[in-house]
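Here are some quick notes from a colleague, meant to be read with the model open. They cover the cysteines and then the charged pairs.

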Amino acid sequence: MDFVDDTMVTFRNLGYVAKGCDRQQLDLYLPDDRNPARPLVVWLHGGAWWAGSKEECPAQVLVAHGYAVASVGYRLSHQAHFPAQLEDCKAAIRWLRAHAADYGIDPQRIGVWGESAGGHLAALLGTTGERREYDVGEHLDQSSEVQCVVDFFGPANFLLWGGPEYPPMESPDSGIYRLLGGPVSQHRESARLASPVYSVDRRSAPFLILHGAKDEVVPLHQSQELHAALTNAGVESTLWIEEAAGHGGPCFTAPVNFQRIADFLGRHLGCSVPGAIA
């Protein structure tokens with residue numbers, strides 16, 4: 001345990017893979033209270049799958065409202081190609097369930113929230129909960145299923161990306177190229193498996209999706225297509241489009257959007273947050 005303040009207990013660099021690398025660690029933030037079984041929100045950072053860090057975790061704001069929050073690191077694309085990133089995220093969920101009693105977490109109430117590349121991984125967690133082919137390593141007696149997903153502008157379909165105004169997927173500088181280990185044209189099956197839109201079915205978790213209309217990195221239609229696939233499968237999905245926003249920006253963490261997130265999480269994880277989150 002690193003520190004305790006008036007409202008939060010923090011545990012840093014908890015390894016969720018036996019003998020794993022330093023990217024296979026998570027930070028855990030807990031309310032400083034006596035609740036024996038709190039709902040958990042798992043944060044997944046962005047960074048085009050080749051950058052980013054668990055150290056920045058905007059989901060920490062939820063701790064003051066009774067949630068446990070885990071910020072998860074995962075292997076980057078220069079360390080391993082897909083599906084390593086999804087395998088890591090699932091391993092972290094299983095580890096958290098296996099250690100739920102140690103940290104006062106309710107293993108039946110776990111949601112996931114990610115942005116950009118992290119939104120993509122969150123969406124994959126939400127659409128592959130019943131599938132076990134990505135569950136590798138320890139704690140295989142535990143489920144990697146999540147109860148709900150908050151997806152900030154995450155890619156959803158690598159096979160149908162966007163026009164020439166968007167970064168080309170065939171370029172070695174593309175995050176998708178690096179994730180797959182080559183161009184989509186030569187890795188079409190991996191690209192399909194890595195695209196959440198193709199794993200949607202009626203068992204998928206409920207989604208809250210936010211995306212900027214002026215996003216120049218991840219086309220808006222990526223979230224629109226995912227939202228349509230979820231709705232067509234009979235899964236609850238809400239899509240909020242920020243008309244003036246690009247790829248991220250302060251509007252996504254403004255009080256009105258935090259309240260939308262809190263309301264959504266509250267419905268699915270059973271933790272009421274009165275009033276707007278500032």
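1. Let's start with Cys21. Its sulfur lies 12 Å from the closest cysteine sulfur, the one in Cys89, and that is too far for a bond. For a disulfide, the two sulfurs would have to sit within 2.5 Å. Keep in mind that this is a predicted model.

2. Cys251 is in no disulfide either: the nearest cysteine sulfur belongs to Cys57 and is 19 Å away. By the distance rule, the disulfide count comes to zero.

3. Are these two cysteines buried or exposed? Neither, as it turns out. Cys21 counts as partly exposed, at 26% relative accessibility, and Cys251 is also partly exposed, with a relative accessible area of 25%.

4. On to the charges. Side chains of opposite charge can pair when their charged atoms come close. How many salt bridges does the structure hold? The number is 15, and a few of them are picked out below.

5. Glu55 and Lys54 form one of these salt bridges, with 3.1 Å between the closest N and O atoms. The two partners have different surroundings: Lys54 counts as buried because its relative accessibility is 7%, under the 20% cut-off. Glu55, on the other hand, is partly exposed, with a relative accessible area of 43%.

6. That pair has company. Arg12 and Asp27 are linked with Lys54 and Glu55 in a network of salt bridges, so if you are looking at Lys54 on screen, bring up the other members of the network too.

7. Asp135 and Arg132 make another salt bridge, where the closest N and O atoms are 2.8 Å apart. Here the acid is the buried partner, with Asp135 at 8% relative accessibility, while Arg132 is partly exposed at 41%.

8. Which parts of the chain does the salt bridge between Arg267 and Glu236 tie together? The two side chains meet at 3.0 Å, N to O. Arg267 lies in helix α7 (residues 255–269), whereas Glu236 is in the loop between α6 (220–232) and β9 (237–242), so the pair connects parts that are 31 residues apart in sequence.

9. As for accessibility in that last pair, Arg267 is exposed, with a relative accessible area of 53%. Its partner Glu236 is partly exposed, at 32%.

Methods:
Residues numbered from 1 in each chain as written. Predicted model: local features only at pLDDT ≥ 70, side-chain atom pairs only at ≥ 80, totals over all residues. Heavy atoms only, no water. Buried < 20%, exposed > 50% of the residue type's maximum accessible area, 1.4 Å probe, protein only. Salt bridge = Lys/Arg side-chain N within 4 Å of Asp/Glu carboxyl O. Helix = DSSP H or I, 4+ residues; strand = E, 2+ residues; numbered from the N terminus.
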